[in-house]
Amino acid sequence: MEKFNRTLRGYDPVEVNQFLDQVIKKVENMVAELNRKNEEIRIRDEQIKTLKEQMSDNEKNANNELVQENQKLKARIAQYERTEETLQKAIIMAQKTSDQMRMAAHKESETIVENAKKNATRIVNEALLRAEKTEDDAATLRRNVHTFKRRLKNIVEAQLEVIDEIDEIDL
């Protein structure tokens, strides 16, 4: 059984696809071999049928050798068919594994995106709160500056009045 390297989201898709390509090529070769053998058996069956019609008893003994060889070929074909079935099952399992890996990767990506959205929302909310606090601080500072200016103006005006009173007293 092929071992695949793991990647961030499961098995390495390139390795899995390469393995599937290899399995497909082997199955195609086996199917081609099976078809060739089936054709060879069909041809031999036709030859046997033709020979049986033309043979005498002595020739029938020689025909038994052909029958045995034909049986051997049929046994090999049966073996190829079992191997083909096994390979087809392996392809199906590999496809299912590939599908599961894709689904797991998709779910993982959705989770990552969802977490990123939550973090982005949290960051935006924190930034809005900071901006609001900064605006409040700026408004408070403007009020304090305005109050300071007004008080300073009152003090300066009071001092001017004192100076005016001093000027009136000296005269």
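This is a tour of a predicted model, stop by stop, with a selection to make at each.

**Whole chain**

Begin with the chain coloured by secondary structure. Two helices and two strands are present, and from the N terminus the order of elements is β-β-α-α. Next, colour by relative accessibility. Of the 171 residues in the chain, 14% are buried. Then display the charged side chains: the structure holds 12 salt bridges, and several of them are visited below.

**Helix α1**

Select residues 13–54, which form helix α1. How far apart are its end C-alpha atoms? They are 61 Å apart, and this agrees with the 62 Å that 42 residues should span at 1.5 Å a residue.

Keep α1 selected and show its buried residues. Among them are Glu15, Val16, Phe19, Leu20, Val23 and Val27. Further along the helix, the buried set also includes Met30, Leu34, Lys37, Ile41 and Ile48. Glu15 and Lys37 are worth picking out by name, as both belong to this buried list.

**Salt bridges on α1**

Select Glu39 and Arg42. Their side chains form a salt bridge, with the closest N and O atoms 2.3 Å apart. Both residues lie in α1, three residues apart, about one turn of the helix. Glu39 is partly exposed because its relative accessible area is 35%; Arg42, at 38%, is also partly exposed.

Move to Glu40 and Arg44. Here the salt bridge has an N to O distance of 3.7 Å. This pair is four residues apart in α1, again about one turn of the helix. Why do residues three or four places apart point the same way in an α-helix? An α-helix has 3.6 residues a turn, so such residues face the same way.

Glu40 has a relative accessible area of 21% and is partly exposed. Arg44, at 22% relative accessibility, is partly exposed too. The cut-off for buried is under 20%, so neither Glu40 nor Arg44 falls in that class.

Now widen the selection to Glu33, Arg36, Lys37, Glu40, Arg44 and Glu69. These residues are linked in a network of salt bridges. Lys37, a member of this network, is one of the buried residues of α1.

**Helix α2**

Select residues 57–170, which make up helix α2. Go first to Thr97, which is in this helix. Thr97 counts as partly exposed because its relative accessibility is 31%. Add Val16 to the selection and draw a C-alpha to C-alpha distance. Thr97 and Val16 are 81 residues apart in sequence and 9.3 Å apart in space. Val16 is on the list of buried residues of α1.

Go on to Arg122 and Glu126. Their salt bridge has its closest N and O atoms 3.2 Å apart. Both residues lie in α2, four residues apart, about one turn of the helix. Glu126 is partly exposed at 33% relative accessibility, and Arg122 is partly exposed with a relative accessible area of 41%.

**Two surface patches**

Switch on the surface and select Phe148, Leu152, Val156, Leu160 and Ile163. Together they make a nonpolar surface patch of about 470 Å². Phe148 is found in helix α2. Is Phe148 buried or exposed? At 54% relative accessibility it counts as exposed, because the cut-off for that class is over 50%.

For the last stop, select Glu157, Glu161, Asp164, Glu165, Asp167 and Glu168. These residues gather in a patch of negative charge on the surface. Take Asp164 as the residue to centre on: its place is in helix α2. Asp164 counts as partly exposed because its relative accessibility is 44%.

Technical notes: Residues are numbered from 1 along each chain as its sequence is written. This is a predicted model: local features need pLDDT of at least 70, side-chain atom pairs count only at pLDDT 80 or more; totals for chains, interfaces and linings use all residues. Side-chain values use heavy atoms; hydrogens and water are left out. Patches are made of residues with over 30% relative accessible area and no salt bridge: like charges are joined within 9 Å, nonpolar side chains (Val, Leu, Ile, Met, Phe, Trp, Tyr) within 5 Å. Accessible areas come from the Shrake-Rupley method with a 1.4 Å probe; for residues, only the protein chains shown count as cover. A salt bridge is a side-chain nitrogen of Lys or Arg within 4 Å of a carboxyl oxygen of Asp or Glu. Lys and Arg count as positive and Asp and Glu as negative; His and the chain ends are not counted. The place of a charge is taken as NZ of Lys, CZ of Arg, CG of Asp or CD of Glu. Buried means under 20% relative accessible area, exposed over 50%, partly exposed in between (1.4 Å probe, protein chains only). The expected span of a helix is 1.5 Å times one less than its number of residues.
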